Amino acid sequence: MTKKILILPGDGIGPEIVAEAVKLLDCLRADFGLEIETETALVGGAAYDDCGSPLPESTLDLAKAADAVLLGAVGGPKWEPLEIALRPEKGLLGLRAGLGLFANLRPAILYPQLAEASTLKPEVVSGLDIMIVRELTGGIYFGQPRGVETLASGERRGINTLVYTESEIERICRVAFEAAMRRGKRLCSVDKANVLECTELWREVAIRVGRDYPEVELSHMYVDNAAMQLVRAPKQFDVMVTTNMFGDILSDAAAMLTGSIGMLPSASLNADNQGMYEPIHGSAPDIAGKGVANPLATLLSVAMMLRYSLAAPEHAERIEQAVSKVLDRGLRTGDIASPGTETVGTAAMGDAVLEAIRAAAA
Ligand code: NAD
């Protein structure tokens, strides 16, 4: 059945990098029989400029009707003076809430060709390929009660509450187990069960869900140790699953291990495997319009989309292998350039990936 993809280029470098993803999707449709139809809409600052809202209702409706959404990036200095409710970032949050995207999948991949880009020793990170599954719509960021109150003594007290229901834990654990099944079949659930009752429950539910996935080796780690292990020996992990706040912190740390944010994709999924896919980087206003942005994180986001929402893992592999081939050839955008490599622009990098895909099939 033909799958629907909504394309949201957004702001800054968004339109430039998304243009390469559109070329890639067109190639997969025309030359490899991928059955998709695409539609493009406005979000973020571009949408605000057009109609005064960072997430027009028409865009949200199209997103709801699509099997998957591909987003470039939103934001930029032009819209910073706006009140928070009208800022481009609100468009993103509105999409997450509107689509019920509770699972955030953030791979941290370091292609061996780029091992020098990391701040860690190449032997510690070369070939790193881990996936952090972060719960995105619950936990301490949303729990009640919250706020700042003034006590009778006049002193103020700040409150946030860590809350998870069993069903919230269960659904995120299922996403993580499914991801582990598609990868190395190892899952590490990260909690603070020695101190927080809420994550004691998290651990109990993870074990229960694990009974449905006997092939996956489940382990547990306290978050403080997980942070240490990520830096000490990150390649020990395959998939990690954790709460909203722990995942926020650990996934940024893991991304930075790779030293190249222009390379990292992400996915946010709901219960129906409908998803929004985007590079982890922002709209990079400093290089927007110059044709130098790295499109690879966006192309790899397309690969994730094919794997997780469109059930087309063979096409995902085509893209991932082509990216590796292009790096083997020594082609680099400015952000990942190193001595002895050839620096190319956004469109040339996108073209090189298409060439590699076609060459692999010839
Ligand atoms: P950023 O990720 O946009 O840029 C940080 C640095 O990385 C910049 O030097 C930029 O040039 C570079 N960079 C980022 N992506 C690159 C790419 N593909 N190729 C080459 N270089 C790249 O982060 P920032 O500067 O903190 O934020 C800029 C804007 O993006 C802000 O308005 C922010 O709110 C927004 N933002 C949006 C998202 C999103 O849409 N998901 C995420 C983060 C930030």
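The paragraphs below lead through a predicted model, from its domains to its ligand surroundings and then to some local features of the backbone and side chains.

The protein chain is divided into two domains, and domain 1 is assembled from two stretches of sequence, 1–102 and 267–362, while domain 2 covers residues 129–256. Taking the C-alpha centres as reference points, domain 1 and domain 2 lie 27 Å apart.

Where the two domains meet, 9 residues of domain 1 are in contact with 11 residues of domain 2, and the area buried between them is about 840 Å², with carbon and sulfur atoms giving 71% of that area. The polar side of this interface can be described by two counts: there are 0 salt bridges between domain 1 and domain 2, and there is 1 residue pair in polar contact, with both residues at pLDDT 80 or more. On the side of domain 1 that touches domain 2, the elements giving two or more residues are strand 11 (265–269) and helix 10 (296–308), and helix 10 gives the most, with 3 residues. Sorted by class, that side of domain 1 has 6 nonpolar residues, 1 polar residue and 2 charged residues.

We turn next to the ligand. It is surrounded by 19 residues, of which Glu89, Gly282, Ala284, Asp286 and Asn294 are the closest. Backbone atoms take part in two of the polar approaches that can be described here: a polar backbone atom of Gly76 is 3.0 Å from an oxygen atom of the ligand, and a backbone N or O atom of Asn294 lies 2.9 Å from a nitrogen atom of the ligand. A side chain is involved in the case of His281, where a polar side-chain atom lies 3.1 Å from a nitrogen atom of the ligand.

Which residues does Pro145 touch, once those up to four places away in sequence are left out? They are Ile159, Asn160 and Thr161, and for Asn160, which is 15 residues from Pro145 along the chain, the separation of the two C-alpha atoms is 6.4 Å. Pro145 itself lies in the loop that runs between strand 5 (129–135) and strand 6 (147–150), and the peptide bond leading into it from Gln144 is cis, with omega near 0°.

A second backbone feature concerns Lys185, a residue other than glycine whose phi is nonetheless positive, near 60°. Lys185 is found in the loop between helix 6 (166–182) and strand 8 (186–191).

Finally, there are the charged pairs. Side chains of opposite charge can pair when their charged atoms come close. A search of the whole structure finds 20 salt bridges, and one of them joins Asp49 to Lys78, with the closest N and O atoms 2.6 Å apart. This pair links distant parts of the chain, 29 residues apart, since Asp49 sits in helix 2 (residues 45–51) and Lys78 in the loop between strand 3 (68–73) and helix 4 (88–99).

Key:
Residues numbered from 1 in each chain as written. Predicted model: local features only at pLDDT ≥ 70, side-chain atom pairs only at ≥ 80, totals over all residues. Heavy atoms only, no water. Domains from an automatic or database assignment. Contact = heavy atoms within 4.5 Å. Buried area = accessible area lost by both parts, 1.4 Å probe. Salt bridge = Lys/Arg side-chain N within 4 Å of Asp/Glu carboxyl O. Polar contact = N/O pair within 3.5 Å; in protein donor to acceptor, adjacent residues only side chain to side chain. Helix = DSSP H or I, 4+ residues; strand = E, 2+ residues; numbered from the N terminus. Nonpolar A, V, L, I, M, F, W, Y, C, P; charged D, E, K, R; others polar. Near = heavy atom within 4 Å.
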